[in-house]
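Please read the following account with the coordinates open beside it. The text moves from single backbone positions to charged pairs and then to the chain as a whole.

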Amino acid sequence: MKTLVTGAAGFIGMHVSERLLSMGHEVVGLDNLNDYYDVALKEARLARLQTRAGFSFHRLDLADDAAMRELFDRGGFQQVVHLGAQAGVRYSLSHPHVYVDSNVRGTVNVLEGCRVRGIEHLVFASTSSVYGLNARMPYSPDHGVDHPVSLYASTKRAGELFAHNYAELFGLPVTALRFFTVYGPWGRPDMSPMIFARKILAGEPIEVFNYGRHRRDFTFIDDIVEGVVRVLEKPPVPSPAWDATLANPASSRAPFRICNIGNSEPVELLYFIELLERALGCEARKTLLPMQPGDVENTYADMSHLEALIGYRPRVSIEEGVQRFVDWYRPRYAA
């Protein structure tokens with residue numbers, strides 16, 4: 001298969017691309033290499049991919065309408081994994097237009113390219129942030145998500161809705177995966193594992209919001225990749241049992257589905273920090289702070305949909321995952 005992976009220089013994009021290449025796929029990567037975080041890290045990820053046979057790369061912006069049309073016109077893609085996005089909850093509070101351009105306009109450009117070129121399956125990266133103020137645990141795709149608390153979440157929810165439009169109107173098979181707090185080697189430096197590890201090793205205090213009482217469904221990158229590539233092989237079909245009077249948002253009469261992808265074992269942030277301290281051999285200096293705007297208190301994934309679809313079960317425990325992350329991070333920090 002020839003697969004387009006957007007956000008290929010990103011954390012999840014690099015790992016998904018590597019896995020697809022190892023399965024014999026031809027992978028075309030797309031990324032704009034923006035400076036939201038350290039560009040050198042993105043370039044290092046990209047350099048890994050560029051050593052692999054079957055990989056090619058285009059540096060362009062998802063929101064560039066003409067460039068995206070040309071890419072799809074010339075690409076010959078059979079399937080698309082759309083991971084490219086402007087990430088970050090707090091950054092969205094001060095830079096809303098960046099999120100609209102990338103996560104809304106950019107996603108529409110991907111959908112339009114898929115429509116015109118008859119793509120067999122589009123797997124789209126959404127986020128657990130769309131659940132917002134939903135207090136029902138665990139979070140399920142069967143639940144409504146009408147009260148997001150960040151602009152980032154709203155743009156991702158908009159992407160889900162546009163994706164359903166294309167599935168309904170044009171028969172485009174789309175799976176939206178809501179990721180839950182992904183961590184591991186080559187992770188994003190703006191996320192807590194990288195921030196905490198760097199500051200703990202440097203002897204600097206770490207800011208612990210909500211006094212460390214957050215519970216997060218931390219999901220190791222290998223488990224995420226396994227779910228993505230296995231879902232990609234199963235395009236959705238219209239659900240004959242779908243009932244408009246019940247209007248379950250997880251499925252549709254169109255070839256569209258929404259699934260969570262997480263560990264389904266949330267842990268308290270203070271325990272995550274404790275595991276980091278053990279693996280690093282250093283004690284953290286903690287500054288305990290109240291909840292930040294845009295944050296949600298807990299995340300917890302109901303994985304029943306993905307388990308029924310592909311038999312998905314995460315395999316990496318939080319203890320193993322933190323140790324594997326630290327084993328990768330230590331030499332990089334030392335260097």
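Where does Leu 33 lie, in terms of the strand and the helix on either side of its loop? In this predicted model, Leu 33 is found in the loop between β2 (26-31) and α2 (39-49). The phi angle of Leu 33 is near 50°, a positive value in a residue other than glycine, and this deserves attention in view of a general tendency. Most residues other than glycine have a negative phi, and most peptide bonds are trans. Leu 33 is also buried, because its relative accessibility of 7% falls under the 20% cut-off.

A second residue with a positive phi that is not glycine is Thr 181, for which the angle is near 35°. Thr 181 belongs to the loop between β6 (174-179) and β7 (182-183).

The other backbone feature to examine concerns a peptide bond, namely the one from Met 137 to Pro 138, which is cis, with omega near -5°. Pro 138 sits in the loop between β5 (121-127) and α6 (151-170), and Ser 129 is found in the loop between β5 and α6 as well. Is Ser 129 buried or exposed? With a relative accessible area of 18%, Ser 129 counts as buried, because the limit for that class is 20%. When residues up to four places away in sequence are set aside, Ser 129 touches Val 89, Tyr 152 and Ala 153.

Charged side chains give another way through the model. Side chains of opposite charge can pair when their charged atoms come close. How many salt bridges does a search of the whole structure find? The search finds 18 salt bridges, and a few of them can be followed here.

One of them joins Arg 74 to Glu 70, with the closest N and O atoms 3.0 Å apart. Both residues lie in helix α3 (residues 65-75), where they are four residues apart, about one turn of the helix. As for the surroundings of this pair, Arg 74 counts as exposed at 68% relative accessibility, whereas Glu 70 is partly exposed, with a relative accessible area of 41%.

Arg 324 and Asp 222 form a salt bridge as well, in which the N to O distance is 2.6 Å. This pair links distant parts of the chain, since Arg 324 is in helix α11 (residues 318-334) and Asp 222 is in helix α8 (residues 221-232), 102 residues apart. Arg 324 is partly exposed, with a relative accessible area of 31%, and Asp 222 is likewise partly exposed, at 35% relative accessibility.

A further salt bridge is made by the side chains of Glu 307 and Arg 313, at 2.7 Å from N to O. Glu 307 counts as partly exposed at 32% relative accessibility, while Arg 313 is exposed, with a relative accessible area of 58%. Salt bridges also link Arg 19, Glu 226 and Arg 230 in a network.

For the charges taken together, the protein chain has 35 positive and 39 negative side chains, and the centres of the two sets lie 1 Å apart.

It remains to consider the chain as a whole, in which there are eleven helices and 13 strands. The radius of gyration of the protein chain is 19 Å, close to the 20 Å that the globule rule gives for 335 residues, and the chain is therefore as compact as a globular protein of that length. Taken along the principal axes, the C-alpha atoms of the protein chain fill a box of roughly 55 × 50 × 40 Å. Among contacts in the protein chain with a separation of 6 or more, 81% are between residues 24 or more positions apart.

Of the 335 residues of the protein chain, 53% count as buried, and the chain exposes about 14,300 Å², of which carbon and sulfur atoms supply 50%. Gly 113, which lies in helix α5 (residues 96-117), counts as buried at 9% relative accessibility. Gly 113 also offers a sense of scale, for the C-alpha atoms of Gly 113 and Pro 185, 72 residues apart along the chain, are separated by 32 Å.

How values were computed: Residues are numbered from 1 along each chain as its sequence is written. This is a predicted model: local features need pLDDT of at least 70, side-chain atom pairs count only at pLDDT 80 or more; totals for chains, interfaces and linings use all residues. Side-chain values use heavy atoms; hydrogens and water are left out. Helices (H or I, at least four residues) and strands (E, at least two) are DSSP runs, numbered from the N terminus. The radius of gyration is taken over C-alpha atoms; the globule rule is 2.2 Å times the number of residues to the power 0.38. Buried means under 20% relative accessible area, exposed over 50%, partly exposed in between (1.4 Å probe, protein chains only). Contact means heavy atoms within 4.5 Å. Accessible areas come from the Shrake-Rupley method with a 1.4 Å probe; for residues, only the protein chains shown count as cover. Lys and Arg count as positive and Asp and Glu as negative; His and the chain ends are not counted. The place of a charge is taken as NZ of Lys, CZ of Arg, CG of Asp or CD of Glu. A salt bridge is a side-chain nitrogen of Lys or Arg within 4 Å of a carboxyl oxygen of Asp or Glu.
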